[in-house]
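Colleague: I would like to go through this structure with you. Could we begin with the overall fold and then look at the empty spaces?

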Amino acid sequence: MLQPMDFLKTRMQQERLPSQSSLTATQRLARAFRTVVDTYGYQGLWRGTVPTIARNVPGVAAYFYTLNELRWLVALWQVPMLSIPGATNTALLDTTSTMARLSNAGNMITGAVARVSIGLLLNPISIVKARYESSHFTKDAYPTLWASFRSLYRDGGFRGLFRGFSATALRDAPYAGLYLVLYEQHKQWLGQLTHSDTGTWLVVSTSGLCAGTLATLMTHPFDILKTRMQTTPTRLFQGTVGPDAKLSLFTAARHILTVDGWRGFVDGLGLRCARKAASSMIGWSIFELGNRWLL
């Protein structure tokens with residue numbers, strides 16, 4: 001359902017064509033939409049769905065499983081500053097969540113560790129997904145997932161499979177930590193505000209939506225860096241920062257500032273906020289309400 005937003009976000013964040021340098025964000029989005037529809041038809045908006053499913057299906061399942069297990073372990077082991085002091089096996093769970101209760105620091109650390117760990121394992125698929133969605137790579141360049149991995153390995157070796165992970169980690173660690181803290185806090189606030197159980201669908205879905213939006217706003221520049229590092233050919237970086245420059249966070253950031261200015265760090269923000277808000281609302285609703293039903 002959300003793939004078109006992700007697809008257009010990548011098109012907004014990728015290296016701009018010379019003809020787009022003077023366009024506003026709205027004009028660039030409209031042009032990207034028209035170009036895709038004119039070239040591939042409306043089904044072209046779902047380009048990249050296969051690698052997205054290949055990444056998100058195991059990724060989301062592994063994230064929720066890892067997060068749930070980490071929280072229970074931290075709660076049971078009574079880790080200083082992360083656990084709720086004095087909690088026992090029968091008092092680790094309350095009506096605010098189907099997961100073990102932790103402090104705000106515990107929420108932040110477990111969220112970041114779970115997200116970055118899964119992101120590292122699935123980074124090769126993330127690169128393929130970004131290149132499927134980018135206009136810098138033709139449809140024939142990556143005909144299948146397996147051919148895509150072979151192409152990445154051939155061009156960059158083993159390190160090429162993890163291109164852009166530094167930016168991904170700098171995005172995901174604070175995002176996931178803030179996201180989980182904001183989610184738990186919003187459930188408490190909304191429960192008190194509405195005088196209702198914090199496990200109701202309205203509270204859970206609204207908390208997921210708000211947490212996803214706020215965490216996205218705080219971490220968006222690193223999403224830009226990740227997309228540029230994974231989709232921009234190295235020769236374009238070198239053309240801006242020097243022929244001997246190596247691909248890194250610094251060179252990517254310098255390249256964006258040189259070519260696009262500060263505006264380059266907010267490209268696709270609206271689309272990413274909308275997608276993250278919707279996916280967070282859907283994901284947490286299914287996890288929390290499904291967990292309560294199964295328990």
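Modeller: The fold comes first, followed by the core, one arginine, the spaces and the cysteines. This is a predicted model, in which local features need pLDDT of at least 70 and side-chain atom pairs count only at pLDDT 80 or more, while totals for chains, interfaces and linings use all residues. Residues are numbered from 1 along each chain as its sequence is written, and side-chain values use heavy atoms, with hydrogens and water left out.

Colleague: How many helices and strands does the chain have?

Modeller: The chain has eleven helices and zero strands. Both are DSSP runs numbered from the N terminus, with helices being H or I of at least four residues and strands being E of at least two.

Colleague: What percentage of the residues count as buried?

Modeller: Of the 295 residues, 50% count as buried. Buried means under 20% relative accessible area, exposed means over 50%, and partly exposed lies in between, using a 1.4 Å probe and protein chains only.

Colleague: Which residues have the most contacts inside the largest nonpolar core?

Modeller: They are Y63, L67, M99, Y179 and W284, in a core of 15 residues. A nonpolar core is a set of buried Ala, Val, Leu, Ile, Met, Phe, Trp, Tyr and Cys residues joined through side-chain atoms within 4.5 Å. Helices α3, α7, α8 and α11 each supply at least two residues of this core, and α7 gives the most, with five residues.

Colleague: What does Y179 touch?

Modeller: Not counting residues up to four places away in sequence, Y179 touches Y63, P174, G208, A211, G212, A215, S280 and W284. Contact means heavy atoms within 4.5 Å.

Colleague: Turning to R272, is it buried or exposed?

Modeller: R272, which is found in helix α11, is buried because its relative accessible area is 1%. Leaving aside neighbours within four places in sequence, R272 is in contact with K9, R171, Y175, T216, T219, H220 and D223.

Colleague: Now the empty spaces. How much space lies in the largest pocket?

Modeller: About 1200 Å³ of space lies in the largest pocket. Of the 41 residues that line this pocket, the closest to its centre are R55, N56, V60, R275 and S279. On a 1 Å grid over the protein atoms alone, a pocket is an open set of points with protein on both sides within 12 Å along at least five of seven lines, a cavity is a set where a 1.4 Å probe fits but cannot get out, and lining residues have an atom within 4 Å of a point. Grid points are joined across faces, edges and corners, and a volume is the space filled by probe spheres set on the points.

Colleague: Which helix gives the most to the lining of that largest pocket?

Modeller: Helix α3 does, with eleven residues.

Colleague: What lines the largest cavity?

Modeller: The lining consists of K9, T10, R55, S126, K129, A130, E133, K226 and T227. Helix α5 gives the most to this lining, with four residues. The largest cavity holds about 40 Å³ of space, and the count comes to one cavity of 30 Å³ or more.

Colleague: Finally, how many disulfides are there?

Modeller: A search of the whole structure finds zero disulfides, a disulfide being a pair of cysteine sulfur atoms within 2.5 Å. C273 is buried because its relative accessible area is 11%, whereas C210 counts as partly exposed because its relative accessibility is 25%.
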